[in-house]
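The following exercises are intended for a reader new to this structure. Each task is followed by a worked solution.

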Amino acid sequence: MASAKEEILQRIRNAKLPATPETVRGYNRTGEGGVELFAERVADYRAIVHAVNDVPEALQRLQGKRIVAPQDVPPEWLIDGVTWLHEPLTIEELDQADGVLTGCAVAIADTGTIVLDGGEAQGRRALTLLPDYHLCVVRADQIAASVPEALQRLEPTRPLTFISGPSATSDIELNRVEGVHGPRALEVLIVT
Amino acid sequence: MARNPVTWLGSPTFPKAAKAALNDTQLRQNLRKATGTIRGRRAAAVAEMTDWEMLRVAGEQIKDDVLARLDTLLLQLEESVTARGGVVHWARDAEEANRIVLDLCRAENAQEVVKVKSMATAEIGLNEALEAGGVHAIETDLAELIVQLGDDRPSHILVPAIHRNRSEIREIFQRRMGVEVSDEPADLAEAARVYLREKFLTTKVAISGANFAVADTGSIVVLESEGNGRMCLTLPDTLITVMGIEKLVPTWQDLEVFLQLLPRSSTAERMNPYTSVWTGVTPGDGPQKFHLVLIDNGRTATLEDSVGRQALRCIRCSACLNVCPVYERTGGQSYGSVYPGPIGAILTPQLVGDMHDPLAASLPYASSLCGACFEVCPVRIDIPSVLTHLRAEVVEAKGRTAESVAMAAAAWMFASASRYEKAQKAGSLARFLAKDGKITSLPWPGSKWTSSRDVPAPPAESFRTWWRKNRG
């Protein structure tokens, strides 16, 4: 008897579909872009956005809190007066932290999206998932104008998380409510 | 062969179920409110895009290309997933897929698994099969949880509990979670957060579906809103993903089209809160065991139909449900399947693959052919054309029936002016049978028509009679 794989492939071949012409990509590849549009679109999701020059100064808002930070965030981010939690961290420790501070890989102006790829200043995925508050630092040069531009900058085989605002649901009468399982508060610092 | 669980066992045909649903005023109110809200928001989200039509065309062409090269692309996907430490399984039908997943759960000694909302697993009846095998599946999407705790059935692709309003949801949560909660959506969401938190942190096996799988990189993509998806895709040791064989895109670049089309069409957002992408296993981050189960379950048979196969382009956004006048009035459960609404009316019968099945054969008629579904479909599935094509198949499967005899008689009558007039005069008698201007039951062969819909009563005087009297 043929295996499931062989049988499925054979059935597909039996359908004898004709080849299709090449895809017409007439849509926009880029967009207006820019810090302002990104900030406006992030704020639309009811995230908190600030444009800042001096990151350590802006991080004063974390005073007195217990904050998770990946090992490789810039050393000047680790200001005094904050209890910094570094890996290795258990799931329970992450769950009990007040928040998490990270950088990002890419951001998208059109959609107000931040993309994490586990690279520099981001850590593994659980770090930005369990704490109830996520503070993300975005450099102006990391902001791509459009979705196509952003995907081009990313390495697909890394574990990626696209974040557009705090966690939300539209499951009750199709109205958006912020805050379910992921961080209920998202704050973004755009470094200009 | 076992029956395909894409339709629910014992469900009545669409007209029977719809008739019952139409009497449920609460249901109609809930649906009108919810679909009205989302229709307006979707229109605004789409109007913002000057290149929307070009994105739709590209979406259609990419998906057609996937179907044309499906065998090659599936092999490519298998190779790239395997190279990155994943294990790929193939399943001909629901029964085979369920057995594979159950065996994988047993191999991990899992009595409980957490699940991300997935149409593919709903289609194959996975939860029921796991339960029968001693494994309890916990739905973690808010709407799926409402359906599961309410011992209910889903009625919408995106929001399975769309038929429930906030006070009904409050009642279900209080009864099943044993907590006091208000009917404020924020409080209900908080109750779900507390209820599921412990499960997320301790459960070792998760099951998900997939929105897209990228053939050339082996990357799997899941779009969601609540973060329950991220929990399931990140925290457990083992991840089992079940997806239909048509969910592929050829390259990473192709995602740039669908990541724009899907959120705006489905939740009417520029982007959904969370999208996760993973490729096999990443050491030190996320599940260290990854299984991908590819299911056919009627898809290859659908592929053989040159008109019907476009249903396989579907990306499960549910925009067609939200604009459908039939769906808005009858609700999703009337369709007797996890795939309701216009897309369900063409996809379900094809996956069942048997037009002698009374429910499947009734679904292509669950439409007024108004065409609103085609207008909003992000991958340009011409649903009205597929509906009429499938109706022809239903008629062919039925052979010469009372209905086809009645239709032939009607054609004979309409073909001649005098015959038509005679029939109209006879028809004015029908006013005596009519109540409130509607005829609800005609004598045979007309009963074949009125058993599933009402006919407006003919006027006391036909237009032709009136014209002759006044103008002739």
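**Exercise 1: a sheet across two chains**

B:Ala213 stands opposite B:Leu248 in S8(B). The model is predicted, so local features need pLDDT of at least 70 and side-chain atom pairs pLDDT 80 or more, while totals for chains, interfaces and linings use all residues. Residues are numbered from 1 along each chain as its sequence is written, and chains are lettered from A in the order in which they are written.

Task: determine in which sense S5(B) and S8(B) pair, and which strands stand at the edges of the sheet.

Solution. Strands are DSSP runs (E, at least two residues), numbered from the N terminus, and two of them pair if DSSP finds at least two bridges between them. S5 (residues 212-214) of chain B pairs with S8(B) in the parallel sense, over 2 bridges. Next, the order of the open sheet of 8 strands is S8(A)-S5(A)-S6(A)-S9(A)-S9(B)-S6(B)-S5(B)-S8(B), with mixed pairing. Strands S8 (143-144) of chain A and S8 (248-249) of chain B stand at the edges; each has a single partner strand, so one side of each is left without a neighbour in the sheet.

**Exercise 2: a helix in chain B**

Task: compare the expected span of H4(B) with the distance between its end C-alpha atoms.

Solution. A helix is a DSSP run (H or I, at least four residues), and its expected span is 1.5 Å times one less than its number of residues. The 14 residues of H4 (residues 70-83) of chain B should therefore span 20 Å, and the end C-alpha atoms are 20 Å apart, which agrees. Just after H4(B), B:Gly85 takes a positive phi of about 90°.

Definitions and conventions:
Side-chain values use heavy atoms; hydrogens and water are left out.
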